[in-house]
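Here is a walk through one small protein model for someone meeting it for the first time. Have the picture ready as you read.

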Amino acid sequence: MDIELTPRLVNGKLVEVTEVGVKIEINGRLGMLSVPLRMVFTDKPLVVGDEVEFYVSYVNVTSK
């Protein structure tokens, strides 16, 4: 399938901050996302409750 995947801006809230990563609760009951700290861009220390935003797209299966 040749589909153009367009990223969408999604908002969420930090629910867990550790030495290695963060857990984000995505607004709109879309679930949770865990990412390593190296993927979070900020100038201040992270704390639980911080609002975040990120881009997501649909999953495209590439294997035959």
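## The β1 and β2 pair

Start with K13, whose bridge partner in β2 is E25. Right beside that, G12 stands opposite I26, which is also in β2. These pairings belong to a set of 5 bridges between β1, covering residues 8-17, and β2, covering residues 21-26. The two strands run antiparallel, and a hairpin of 3 residues takes the chain from β1 over to β2.

This is a predicted model, by the way, so keep that in mind throughout.

## The whole sheet

β1 has another partner too. It pairs with β4, again in the antiparallel sense, and this time there are 6 bridges. For a landmark, look at L9: its bridge partner in β4 is Y55.

Put the pairings together and you get an open sheet of 4 strands, in the order β3-β2-β1-β4, with antiparallel pairing. So which strands stand at the edges? They are β3 (31-36) and β4 (51-56), and since each has a single partner strand, one side of each is left without a neighbour in the sheet. The strands don't lie straight alongside one another, either: neighbours in this sheet are turned by 40 degrees against each other on average, if you ignore direction.

## V52, a residue in β4

V52 is found in strand β4. Setting aside neighbours within four places in sequence, V52 is in contact with V10, N11, G12, K13, L14 and I24.

You can also check V52 against E25, the residue that came up as the partner of K13. Along the chain, V52 and E25 are 27 residues apart, while in space their C-alpha atoms are 9.6 Å apart.

## D50, in the loop

Now step to D50, which has its place in the loop between β3 and β4. Is D50 buried or exposed? With a relative accessible area of 15%, D50 counts as buried, because the cut-off for that is under 20%.

What does D50 touch, once residues up to four places away in sequence are left out? The list is G12, K13, L14, K44 and P45. G12 and K13 should look familiar, as both turned up among the contacts of V52. There is a polar atom to look for as well: one in the side chain of D50 lies 3.2 Å from the backbone nitrogen of V47.

## The overall picture

Zoom out, and the count is easy to remember: 0 helices and 4 strands. Read along the sequence, that gives the pattern β-β-β-β. The radius of gyration is 14 Å, well over the 11 Å that the globule rule gives for 64 residues, so the protein is more spread out than a compact globule. Along the principal axes, the C-alpha atoms fill a box of roughly 40 × 25 × 20 Å.

How much of the protein is made up of buried residues? They account for 16% of the 64 residues, and D50 is one of the buried ones. The accessible surface comes to about 5,800 Å², with 54% of that belonging to carbon and sulfur atoms. Finally, take the contacts between residues at least 6 apart in sequence: 49% of these join residues at least 24 apart.

How values were computed:
Residues are numbered from 1 along each chain as its sequence is written. This is a predicted model: local features need pLDDT of at least 70, side-chain atom pairs count only at pLDDT 80 or more; totals for chains, interfaces and linings use all residues. Side-chain values use heavy atoms; hydrogens and water are left out. Two strands pair if DSSP finds at least two bridges between them. Axes are lines fitted to C-alpha atoms, for helices over the stretch in contact, and angles run from 0 to 180 degrees between N-to-C directions. Buried means under 20% relative accessible area, exposed over 50%, partly exposed in between (1.4 Å probe, protein chains only). A polar contact is a pair of N or O atoms within 3.5 Å; within protein, one must be able to donate a hydrogen and the other to accept it, and residues adjacent in sequence count only if both atoms are side-chain atoms. Contact means heavy atoms within 4.5 Å. The radius of gyration is taken over C-alpha atoms; the globule rule is 2.2 Å times the number of residues to the power 0.38. Accessible areas come from the Shrake-Rupley method with a 1.4 Å probe; for residues, only the protein chains shown count as cover.
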